[in-house]
Amino acid sequence: MDEKDATRDVTVAMQELKVNLSPDVFHRYAGHYYKCKQDFVCPDDGSSPVPYFLLCRAIELEIKARHLKRLTQREVKDKFRHHLLRAYEALDVQEQILSQNELAVLKTADELYIKTDLAYFDPVHALTAFSQFPDLDLLDTIAKKLISSGSTTWE
């Protein structure tokens with residue numbers, strides 16, 4: 001290496017860089033699940049738990065996105081698992097934007113979601129025409145409200 005090449009060698013020392021992408025990605029995925037629910041059309045004339053599941057997953061991811069601003073993914077998973085209501089009630093007060101009626105719907109959805117009743121066939125629900133399920137339109141409103149109030153640096 002001659003003297004001229006030696007002056008062109010540039011080395012930059014940087015400190016460790018940490019970027020927490022989890023809140024943004026969870027918020028983004030919440031929007032994806034919500035969009036899938038909006039696009040869902042039941043292929044037959046029957047009832048389906050699919051739109052309920054999609055909305056609950058969107059709600060779960062959006063709430064967890066907020067917790068991930070302060071906690072690691074492992075901490076969020078261990079603390080909340082798939083408990084929608086527990087995770088919602090652990091949000092900062094200014095992030096708890098649901099009305100009492102919406103909270104009641106979230107509680108009903110939470111009970112079914114935790115037991116995986118929205119993901120797997122349960123003959124009781126089918127035989128009762130899903131009467132134990134929460135109001136789908138109100139559940140949609142809850143998901144939309146939470147996702148819309150969420151923030152991300154990607155948008």
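The expected span of a helix is 1.5 Å times one less than its number of residues, and helices here are DSSP runs of H or I with at least four residues, while strands are runs of E with at least two, numbered from the N terminus. This is a predicted model, in which local features need pLDDT of at least 70 and side-chain atom pairs count only at pLDDT 80 or more, while totals for chains, interfaces and linings use all residues. Residues are numbered from 1 along each chain as its sequence is written, and side-chain values use heavy atoms, with hydrogens and water left out.

**View 1. Welcome to the whole protein, with its eight helices and zero strands.** Following the sequence, you will meet the pattern α-α-α-α-α-α-α-α. Of its 155 residues, 37% are buried, a word that means under 20% relative accessible area, with over 50% called exposed and anything in between partly exposed (1.4 Å probe, protein chains only). A contact means heavy atoms within 4.5 Å. Among contacts with a separation of 6 or more, 71% join residues 24 or more positions apart.

**View 2. Helix α3 is largely enclosed by the rest of the structure, because 15 of its 18 residues are buried.** How far apart should the ends of α3 be at 1.5 Å a residue? The 18 residues should span 26 Å, and the end C-alpha atoms are indeed 26 Å apart, so the two values agree.

**View 3. Here is the largest nonpolar core, with 35 residues.** Such a core is a set of buried Ala, Val, Leu, Ile, Met, Phe, Trp, Tyr and Cys residues joined through side-chain atoms within 4.5 Å. I59, Y88, L106 and L139 have the most contacts inside this core. At least two core residues come from each of α2, α3, α4 (73–80), α5, α6 and α8. Which helix gives the largest share? That is α3, with eight residues.

**View 4. Helix α8 covers residues 136–149.** Its 14 residues reach 20 Å from first C-alpha to last, close to the expected 20 Å. At its N-terminal end, D135 acts as a cap, with a side-chain oxygen 3.1 Å from the backbone nitrogen of D137. The buried residues of α8 include L138, L139, I142 and L146. The buried residues of this helix pack against α2 (22–39), α3 (50–67), α5 (84–89) and α6 (100–114). Zoom in on L139: not counting residues up to four places away in sequence, this leucine touches Y52, L55, C56, I59, V105, A109 and P134.

**View 5. Y52, F130 and F133 gather in one aromatic cluster.** The structure holds three aromatic pairs; rings of Phe, Tyr and Trp (its six-membered ring) pair if their centres lie within 6.5 Å, with planes under 30 degrees apart counted as stacked, over 60 as edge-to-face and the rest as tilted. Y52 and F133 make an edge-to-face pair, 4.8 Å centre to centre with 85° between the planes. This pair links distant parts of the chain, 81 residues apart: Y52 sits in helix α3, and F133 in the loop between α7 (123–127) and α8. F130 and F133 are also edge-to-face, because their planes lie at 70°, with ring centres 5.0 Å apart. Are these three residues buried or exposed? Y52 counts as buried at 12% relative accessibility, F133 is buried at 8%, and F130 is buried with a relative accessible area of 16%.

Notes: A polar contact is a pair of N or O atoms within 3.5 Å; within protein, one must be able to donate a hydrogen and the other to accept it, and residues adjacent in sequence count only if both atoms are side-chain atoms.
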